[in-house]
Amino acid sequence: MNRPALSLLLIVISLFVLTAPPAQAEEVQGRVLDAVSRDPLYLVEVTLTGTGHRSTTDHDGRFILPDVAAGTYTLRATRLGYEEIRRENLRVETGGTPAIELSMDRRSRPLEEVTVTPSAFSFMGTGTSGRQTMSREEIESVPQIGEDVFRAVNRLPGLVSGDYSAH
């Protein structure tokens with residue numbers, strides 16, 4: 001093939017590729033409800049596996065996955081406290097896909113072990129509790145107290161006072 005004919009062929013092929021209609025993109029939408037109460041579920045993560053399309057439900061339980069190419073997919077919905085849903089062979093077709101309604105069953109996840117440890121501010125701790133002392137210099141150095149012992153002692157941790165008494 002001679003050079004001008006090859007160039008012309010390449011131009012025709014590139015024009016065909018550039019003017020070919022894009023693949024139709026559809027919108028997948030639906031709603032996620034609690035299976036028992038039928039209340040909408042908020043913050044459910046809905047994904048089309050393998051496509052990167054992902055959405056989260058709003059306060060009404062609705063989700064939208066825009067720009068999905070026509071084809072067959074697996075839809076997955078997950079939320080903490082609920083059983084995962086997988087809808088296999090979901091067909092997205094050109095011209096519209098009907099809205100999807102998903103019902104999620106509650107599922108509790110038993111914990112293997114719970115460990116509770118006291119912190120530095122423990123109420124039931126066995127740390128050093130008991131006597132606290134204040135020197136004359138500490139009492140005089142507290143701002144806006146001067147030499148009032150009752151006001152100075154009232155600032156110690158664990159003490160409460162009212163207008164008439166100090167405990």
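# A tour from E93 to the sheets and core

At 39% relative accessibility, E93 counts as partly exposed (buried is under 20% relative accessible area, exposed over 50%, partly exposed in between, with a 1.4 Å probe and protein chains only). The model is predicted, so local features need pLDDT of at least 70 and side-chain atom pairs pLDDT 80 or more, while totals for chains, interfaces and linings use all residues. Residues are numbered from 1 along each chain as its sequence is written, and side-chain values use heavy atoms, without hydrogens and water.

**Stop 1: E93.** Keep E93 selected; the residue sits in the loop between β6 and β7. Strands (E, at least two residues) and helices (H or I, at least four) are DSSP runs, numbered from the N terminus. Add R91 to the selection: its side chain makes a polar contact with the side chain of E93 at 3.2 Å. A polar contact is a pair of N or O atoms within 3.5 Å; within protein, one must be able to donate a hydrogen and the other to accept it, and residues adjacent in sequence count only if both atoms are side-chain atoms. Setting aside neighbours within four places in sequence, E93 is in contact with E26 and A70 (contact means heavy atoms within 4.5 Å). Then pick the C-alpha atoms of E93 and T72: they are separated by 8.6 Å, with the two positions 21 residues apart along the chain.

**Stop 2: the four-stranded sheet.** Select β3, β2, β5 and β6, which form an open sheet in that order with antiparallel pairing. Two strands pair if DSSP finds at least two bridges between them. β3 and β6 (85-92) are the edge strands, each pairing on one side only. From one strand to the next, the twist averages 20°; axes are lines fitted to C-alpha atoms, for helices over the stretch in contact, and angles run from 0 to 180 degrees between N-to-C directions. Inside the sheet, β2 (residues 45-48) and β5 (residues 71-78) are antiparallel and share four bridges. To see one of these, show T47, whose bridge partner in β5 is R76.

**Stop 3: S55.** On the edge strand β3 (residues 53-56), select S55. Is S55 buried or exposed? S55 is buried, with a relative accessible area of 12%. Its side chain reaches the backbone oxygen of I64 at 3.3 Å. Beyond four places in sequence, the contacts of S55 are V44, E45, V46, F63, I64 and L65.

**Stop 4: the three-stranded sheet.** Now select β4, β1 and β7, an open sheet in the order β4-β1-β7 with mixed pairing. Its edges are β4 (62-69) and β7 (100-104), and the twist averages 30° from one strand to the next. β1 (residues 25-34) runs antiparallel to β4, and six bridges join them. R31 has R62 as its bridge partner in β4.

**Stop 5: the core.** Which residues have the most contacts inside the largest nonpolar core? They are V32, V46, L65 and L75, in a core of 19 residues. A nonpolar core is a set of buried Ala, Val, Leu, Ile, Met, Phe, Trp, Tyr and Cys residues joined through side-chain atoms within 4.5 Å. At least two core residues come from each of β1, β2, β4, β5, β6 and β7. Center on L75: apart from sequence neighbours within four places, its contacts include V46, L65, I85, L90, I100 and L102.

**Stop 6: F150.** Finish in helix α3 (residues 149-154), which holds F150. F150 is exposed, with a relative accessible area of 66%. Its C-alpha atom is separated by 9.8 Å from that of I139, eleven residues away along the chain.
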